[in-house]
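Visitor: I've got a few things to ask about this one. Could you put it up so we can go through it together?

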Amino acid sequence: MDRHDMAVEAARAGADLAMELFRTTLEVETKSSATDYVTEADRGAQRRVIERIAEEFPDDAIVGEEGDQRSRLRPGETAWVVDPIDGTTNYVRGLPIWVTSVAAVEDGETVAAANVWPALDTEYHAGTHGVTCDGDATTVSEVTDIGSSLVAPTLRYDREYTYAALLDSISPVVGDIRRLGSAQATLSLVADGRLDAAVGLLETHPWDTVAGVHLVERAGGRVTDLDGNPWTPASEGIVASNGDIHEELLAALPE
């Protein structure tokens, strides 16, 4: 089995467990903030993903959001980046926009990604070439007028100035704004053209971004940091777009 097929199988395995517990009574804990949740479903789904990967690739490293997994990729390694439930706040509140995300990285290059949305019966996959949504090839949008674009703020919501500053800066420029509460879901929708761009100003974590960035890039889009440099998992902030509105969107960001 290659790593693309494993990414899909492992993401499905974790998603199945999470779906079994969706909209059931769960013990909910908080981590860094009052809305940064973790549940037994997150932990169980991550264990399920890791167990499936270990059956075929026992020597590969794991970078995961929950438990005692590492939080960063290391140069030169082969690793799997796992988010068992990206959008846990949505999950806890019974909203169906959440994703089980798995990506494979070899020596700094993402070679496979799968974002599975079990509550909406949707999957996004990418190997080293194109992207599929539910088995059909898909690409980024062809919108060239930023004034008619649909853009999504993403990554953490903060109570300081950052989120408000982003909205103040881009609202007069773009056509409309959506915030979905799941970075991987948001990036998936950029990859299939339903959104034209996604922007996050804060620190990125690999599990929130690596799979989705791969989808956007393989679908023909562009992903950079806030200064327009190529995005890496160490970047602070992210701009992912169809490419056509990218420069104008960068210019609109708050300083």
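Visitor: Let's start with two side chains: are Tyr91 and Trp98 buried or exposed?

Guide: Keep in mind that this is a predicted model. To count as buried, a residue needs under 20% relative accessible area. Tyr91 and Trp98 both come out on that side, so the word you want is buried.

Visitor: How are the rings of Tyr91 and Trp98 arranged?

Guide: Their centres sit 4.8 Å apart, with the planes at 85°. Planes over 60 degrees apart get a label of their own. So the Tyr91 and Trp98 pair is edge-to-face.

Visitor: And what kind of aromatic pair do Phe22 and Tyr91 form?

Guide: Here the rings are 5.2 Å centre to centre, and there's 40° between the planes. That angle is neither under 30 degrees nor over 60, so neither stacked nor edge-to-face fits. The Phe22 and Tyr91 pair is tilted.

Visitor: How many residues apart in sequence are the parts that this pair of Phe22 and Tyr91 ties together?

Guide: Phe22 belongs to the loop between helix H1 (3-21) and strand E1 (28-30), while Tyr91 is in helix H3 (residues 88-92). Phe22 and Tyr91 are both buried. The pair therefore joins parts whose separation in sequence is 69 residues.

Visitor: Which residues do ring pairs link into a cluster with Tyr91?

Guide: Tyr91 pairs with Phe22, and Tyr91 also pairs with Trp98. So, following the ring pairs, the cluster links Tyr91 with Phe22 and Trp98.

Visitor: What is the phi of Arg23?

Guide: In general, most residues other than glycine have a negative phi. Arg23 isn't a glycine, yet its phi is positive. You'll find Arg23 in the loop between H1 and E1, and its phi is about 60°.

Visitor: Is Asp134 exposed or partly exposed?

Guide: Asp134 is in the loop between strand E8 (131-133) and strand E9 (136-138), and has a positive phi near 55°. Its relative accessibility is 45%, and exposed would take over 50%. So Asp134 counts as partly exposed.

Visitor: Last one: how does H5 run relative to H6?

Guide: Helix H5 (residues 183-191) and helix H6 (residues 206-218) pack with their axes 8 Å apart, at an angle of about 5°. Their contact has 11 nonpolar, 4 polar and 1 charged residues, including Leu187 of H5 and Trp207 of H6. Angles under 35 degrees share one label, so H5 and H6 are roughly parallel.

Key: Residues are numbered from 1 along each chain as its sequence is written. This is a predicted model: local features need pLDDT of at least 70, side-chain atom pairs count only at pLDDT 80 or more; totals for chains, interfaces and linings use all residues. Side-chain values use heavy atoms; hydrogens and water are left out. Axes are lines fitted to C-alpha atoms, for helices over the stretch in contact, and angles run from 0 to 180 degrees between N-to-C directions. Helices (H or I, at least four residues) and strands (E, at least two) are DSSP runs, numbered from the N terminus. Angles under 35 degrees count as roughly parallel, over 145 as roughly antiparallel, 65 to 115 as roughly perpendicular and the rest as oblique. Contact means heavy atoms within 4.5 Å. Ala, Val, Leu, Ile, Met, Phe, Trp, Tyr, Cys and Pro count as nonpolar, Asp, Glu, Lys and Arg as charged, and the others, Gly among them, as polar. Rings of Phe, Tyr and Trp (its six-membered ring) pair if their centres lie within 6.5 Å; planes under 30 degrees apart count as stacked, over 60 as edge-to-face and the rest as tilted. Buried means under 20% relative accessible area, exposed over 50%, partly exposed in between (1.4 Å probe, protein chains only).
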